[in-house]
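Please work through the exercises below with the sequence and the 3D structure at hand, trying each task before reading its solution.

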Amino acid sequence: VAEAGAFAELVESAAECDDELADKFLSDDRAVTRADVRDALRRATCASSCAPVLCGAMLKGVGTRALLDAVADYLPSPEDALGPLEADSDFRALAFKVTNDKHR
């Protein structure tokens, strides 16, 4: 029961950022699936209209799998950000850097 309530809250929050999910939710809230929410969060994240937040503890390995899944599910791929690479076009790359402050 608690999971159903949490899912309903997630759907409502995601629907605030994505019109397609909002329409489906308003027409029949029971028809909304996890895949619908995932797709809506991806569209909203790629459009910079929402930012999913995850919690975890890297030192204990808690939440690591969820974080990696979220990166794959919600963040834009290089093709999403840069468009498809044409066979005769110049090389393009999308890179990011993660740093760790050893003094913290």
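**Exercise 1.** Which residues in helix 1 meet which residues in helix 2?

*Solution.* The model is a predicted one, and in it Val 11, Glu 12, Ala 14 and Ala 15 of helix 1 meet Leu 21, Ala 22 and Phe 25 of helix 2. Sorted by character, the residues of this contact comprise six nonpolar, no polar and one charged.

**Exercise 2.** Describe how the axes of helix 1 and helix 2 are placed relative to each other.

*Solution.* Begin with the distance: the axes of helix 1 (residues 2–15) and helix 2 (residues 19–27) come within 8 Å, and they cross at roughly 130°. Because of that angle, helix 1 is oblique to helix 2.

**Exercise 3.** Which residues of helix 2 are buried, and where on the helix do they lie?

*Solution.* The buried residues of helix 2 are Leu 21, Ala 22 and Phe 25. Viewed down the axis of helix 2, they fall within an arc of 100°, so they line one face of the helix. These buried residues pack against helix 1 and helix 3, whereas the face turned away from the buried side carries the exposed residues Asp 19, Glu 20, Asp 23 and Ser 27.

**Exercise 4.** Which residues touch the most other members of the largest nonpolar core, and which helix supplies the largest share of it?

*Solution.* This core has 14 residues, of which Val 11, Ala 14, Leu 21, Val 32, Val 37 and Leu 41 touch the most other members. Helix 1, helix 2, helix 3 (34–46) and helix 4 (64–74) each supply at least two residues of the core, and the largest share, four residues, comes from helix 3. Leaving aside neighbours within four places in sequence, Val 37 is in contact with Phe 7, Leu 10, Val 11, Ala 14, Leu 21 and Val 32.

Definitions and conventions. Residues are numbered from 1 along each chain as its sequence is written. This is a predicted model: local features need pLDDT of at least 70, side-chain atom pairs count only at pLDDT 80 or more; totals for chains, interfaces and linings use all residues. Side-chain values use heavy atoms; hydrogens and water are left out. Axes are lines fitted to C-alpha atoms, for helices over the stretch in contact, and angles run from 0 to 180 degrees between N-to-C directions. Angles under 35 degrees count as roughly parallel, over 145 as roughly antiparallel, 65 to 115 as roughly perpendicular and the rest as oblique. Contact means heavy atoms within 4.5 Å. Ala, Val, Leu, Ile, Met, Phe, Trp, Tyr, Cys and Pro count as nonpolar, Asp, Glu, Lys and Arg as charged, and the others, Gly among them, as polar. A nonpolar core is a set of buried Ala, Val, Leu, Ile, Met, Phe, Trp, Tyr and Cys residues joined through side-chain atoms within 4.5 Å. Buried means under 20% relative accessible area, exposed over 50%, partly exposed in between (1.4 Å probe, protein chains only). The arc is that of the directions from the helix axis to the C-beta atoms.
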